[in-house]
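Visitor: I am new to this structure and would like a close look at a single part, followed by whatever helps me place that part among its surroundings. Please take your time over it.

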Amino acid sequence: FKWNRPYCLWASRIKEIKQPEAYINLARQLQHENVDFLMVGEIQDERYRYIEDPINLPDNLHYLGVKSYKEVNGMIDGSLFLIHTCFPEGLPNNFLQAWALGKPVVSLHYDPDKIIESKRTGVYSRTLENFSRDVKTLIHDSEKRLELGENAKSLSRNLFNPEKNIKKLELLMAELVKERKQKCAKKPCFE
């Protein structure tokens, strides 16, 4: 993915719980920052159809429609950071994508398991006032962005590494089998 200016990315399904209007308002507030705000995702709530017409958006916001997982990875990789406005609903896949690519996340409403704050993988804003300030700070502070991105990549390698997690699962399964055999050795098991 190529874009001719620095940009932040918002990637999600477009519906009320994801709060796309918070991202649009953020872009409007930061129009003079020389950074674009890209938005991708399927419009699932008809009230957000207005996003498809650029005339309804600030000049620095670009809705690019639906993108594949691979395309979103390319977009995240080229971004300054990922922006998240959704209300809590589990561990977002796009957090995992961003962290694996060494990109921090700025989240308005949600810090799953307090990972963002405790592992310093981005910024958890909590309020709209903090949100705008936090995004503006990360736009201008490349050192902090890189530090948070490195933390994110390290977390991803250690916590979400498929090979490590498969080995952990294998050890767990082996332990369960061992316990079951010991239990059945003491008392016959017919299950």
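Guide: Let us begin with lysine 114, which is exposed, because its relative accessible area is 60% and the cut-off for that word is over 50%. The model is a predicted one, and every value here is computed from it. Lysine 114 sits in the loop that runs between β5 (105–107) and α4 (115–118), and its phi is near 60°, a positive value in a residue other than glycine. That deserves attention, since most residues other than glycine have a negative phi.

Beyond α4 there is another residue of this kind, for arginine 120 lies in the loop between α4 and β6 (122–124), and although arginine 120 is not a glycine, its phi is positive, at about 50°. Arginine 120 counts as partly exposed, because its relative accessibility is 36%.

From these loops we can turn to the helices, beginning with helix α5 (residues 128–140) and helix α6 (residues 142–159), whose axes come within 5 Å and cross at roughly 100°. With that angle, α5 is roughly perpendicular to α6. On the α5 side the contact is made by Leu138, Ile139 and His140, and on the α6 side by Ser142, Lys144, Arg145 and Leu148; sorted by class, these residues are three nonpolar, two polar and two charged.

A second pair of helices is formed by α2 (residues 69–78) and α3 (residues 93–100), which pack at an angle of about 50° with their axes 9 Å apart, and are therefore oblique to each other. The crossing in which α2 passes α3 is right-handed. Here Tyr69, Val72, Asn73 and Ile76 of α2 meet Asn94, Gln97 and Ala98 of α3, a contact with four nonpolar, three polar and no charged residues.

Finally, the aromatic rings: a search of the whole structure finds six aromatic pairs. One of these joins tyrosine 23 and phenylalanine 37, edge-to-face, with 5.8 Å from centre to centre and 65° between the planes. This pair links distant parts of the chain, with tyrosine 23 in helix α1 (residues 20–29) and phenylalanine 37 in strand β2 (residues 36–40), 14 residues apart. Tyrosine 23 and phenylalanine 37 are both buried, whereas lysine 114, where we began, is exposed. Elsewhere, ring pairs link Phe1, Trp3 and Tyr7 into a cluster.

Definitions and conventions:
Residues numbered from 1 in each chain as written. Predicted model: local features only at pLDDT ≥ 70, side-chain atom pairs only at ≥ 80, totals over all residues. Heavy atoms only, no water. Axes fitted to C-alpha atoms, helices over the stretch in contact; angles between N-to-C directions. Helix = DSSP H or I, 4+ residues; strand = E, 2+ residues; numbered from the N terminus. Parallel < 35°, antiparallel > 145°, perpendicular 65-115°, else oblique. Contact = heavy atoms within 4.5 Å. Nonpolar A, V, L, I, M, F, W, Y, C, P; charged D, E, K, R; others polar. Left-handed = near helix turned anticlockwise from the far one by under 90°. Phe/Tyr/Trp six-rings, centres within 6.5 Å; stacked < 30°, edge-to-face > 60°. Buried < 20%, exposed > 50% of the residue type's maximum accessible area, 1.4 Å probe, protein only.
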